[in-house]
Amino acid sequence: MDVNDKIHAQLVKAGVRLAASLPDDWVNTLIRRISKDNQIHHVPVCREAETIAICAGAFFGGVRSVAIFGNTGLLTCTGEMATLCLRHAIPVFCIVSGRGSIDDHKVYQEVQGRRTIPLLQAYDYPYKIIDREEEIEDIPNAYEWHRLQKRPFVLFLTKKLLGTKA
Amino acid sequence: MKTNECMKVLAKHRGDAVVICALGMAANEWWAVTRSEDSFYMHGGMGFAASFALGLALSIPRTPVWALNSDGSLCMNTGCLITEAGQQPRNLKHFVVDNGCYQTVETMPMVNQGAADYAAMARAAGIRQAITVDDLAELDRVMPEVVAAEGPYFVRLRVEPEPDYQRAPPANYEGPEMKYRFGRALEKKLGIKVFGPRGF
């Protein structure tokens, strides 16, 4: 069982039955695994903010969901996270690639690496960075906690954790 | 047709549908006509009512779900048509109230006003059933077919812009209160659990 299998398994354990996603090369393996799981309905989208609204809708259907995308996409949908989720106190669980870290040397990820966390803090969106494999077991706890927080929550997956070469 | 009259015809044919309203005049008029609590009136997230409705529709597949979208919101997120088509939700009907303007902000004109064919865009995205309705009699005539058909079904409702007219928004529905009223209404209506034993 590799890291992505473990994340997938913990999402299932947390009760997740719907996943909305937009590809990023660090999270594509996870998206592919989830898309093959008949327990989880997979919704590929055209832009990241759709995942936020789809998951918010699923919340009211009593279905636990997850939004999966890259760090750049997170920057594009913080407004919808605020005006939909903060406004109506709707929890949405996001899994996001922690792009722009010190071991990510893609020049187009540099701004995301510097500004994402301060932006989340400005909005008061809670987050957790998962850097070690044993922390994956925290996902069910994080899921319950984000429902209690009643707002978007971001779980960052690091390059070190994922072992990606991209 | 005027938006309020259009909403009255939709309400007549609604049946058991749960309705997700984009912020603005569609939401305000739907509230004025129905006062329904099993409808969600978005205060923000402009462009994403259809995505919200899709997530709900996929989660309660045996319940009809209507997205009551607006032209301004659709234009902000036309990709929602492609995402919706990709899912082909049988229980989702997508209405777009098209008044050709941003009614709640001084009726400023829509981009490419009157020239964009939203029904054609929906068909091109992969939603096979997509129509435009221009008057109340026609709407009343087609609604039984729209309701009976399997989704997705896209209906563009061409209504008049109403300058200097402003319907008040659903005033007693504050943001978090909306969440709980809507969630509790769905729990009661559908026998599902939206909230946990401790209310969150």
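Let's start with B:Glu106. This residue is exposed, with a relative accessible area of 72%. Keep in mind that we are looking at a predicted model. Where does B:Glu106 sit? Look in the loop between strand 5 (101-102) and strand 6 (108-109) of chain B. Now check its backbone. Phi of B:Glu106 is near 65°, which is a positive value, and this residue is not a glycine.

Next, B:Thr107. That residue belongs to the loop between strand 5 and strand 6 of chain B. Its phi is positive too, about 45°, and again we are not dealing with a glycine. Is B:Thr107 buried, exposed or partly exposed? Its relative accessibility is 24%, so it counts as partly exposed.

Stay in chain B for one more backbone feature. Find B:Gly151 and B:Pro152. The peptide bond that joins them is cis, with omega near 0°. B:Pro152 lies in a loop, the one between helix 7 (136-148) and strand 8 (153-158) of chain B.

Now to the place where the chains meet. How many residues are in contact? On chain A, 32 residues; on chain B, 37. About 2,600 Å² is buried between chain A and chain B, and carbon and sulfur atoms give 65% of that area. Which residues of chain A lose the most area to chain B? They are A:Phe60, A:Arg87 and A:His88, and together they make up 27% of what the chain A side buries.

Hold on to A:Arg87. Its partner across the interface is B:Glu174, and the two form a salt bridge. The closest N and O atoms are 2.5 Å apart. How many salt bridges does the rule find across this interface? One. Polar contacts between chain A and chain B come to 12 residue pairs, counting pairs with both residues at pLDDT 80 or more.

What builds the chain A side? The elements giving two or more residues to it are strand 2 (41-44), helix 3 (48-60), helix 5 (78-88) and helix 7 (139-149) of chain A. Helix 3 gives the most, with nine residues. By type, the chain A residues that touch chain B divide into 18 nonpolar, seven polar and seven charged.

Let's look harder at helix 3 of chain A. Of its 13 residues, 13 are buried, so this helix is largely enclosed by the rest of the structure. A quick reminder about helices. An α-helix has 3.6 residues a turn, so residues three or four places apart point the same way. Just after helix 3 of chain A comes A:Gly62, with a positive phi of about 75°.

Last topic: the cysteines. A disulfide is a covalent bond between the sulfur atoms of two cysteines. How many disulfides does the structure hold over all chains? Zero. Let's see why for two residues.

First up is A:Cys55. Its closest cysteine sulfur is in A:Cys94, 7.0 Å away, and that is too far for a bond. The cut-off is 2.5 Å. A:Cys55 is also buried, with a relative accessible area of 1%.

Then there is B:Cys6. Here the closest cysteine sulfur belongs to B:Cys21, and the gap is 12 Å, so a bond is ruled out by distance. B:Cys6 is buried as well, at 0% relative accessible area.

Conventions. Residues numbered from 1 in each chain as written. Chains lettered and ligands numbered in written order. Predicted model: local features only at pLDDT ≥ 70, side-chain atom pairs only at ≥ 80, totals over all residues. Heavy atoms only, no water. Contact = heavy atoms within 4.5 Å. Buried area = accessible area lost by both parts, 1.4 Å probe. Salt bridge = Lys/Arg side-chain N within 4 Å of Asp/Glu carboxyl O. Polar contact = N/O pair within 3.5 Å; in protein donor to acceptor, adjacent residues only side chain to side chain. Helix = DSSP H or I, 4+ residues; strand = E, 2+ residues; numbered from the N terminus. Nonpolar A, V, L, I, M, F, W, Y, C, P; charged D, E, K, R; others polar. Buried < 20%, exposed > 50% of the residue type's maximum accessible area, 1.4 Å probe, protein only.
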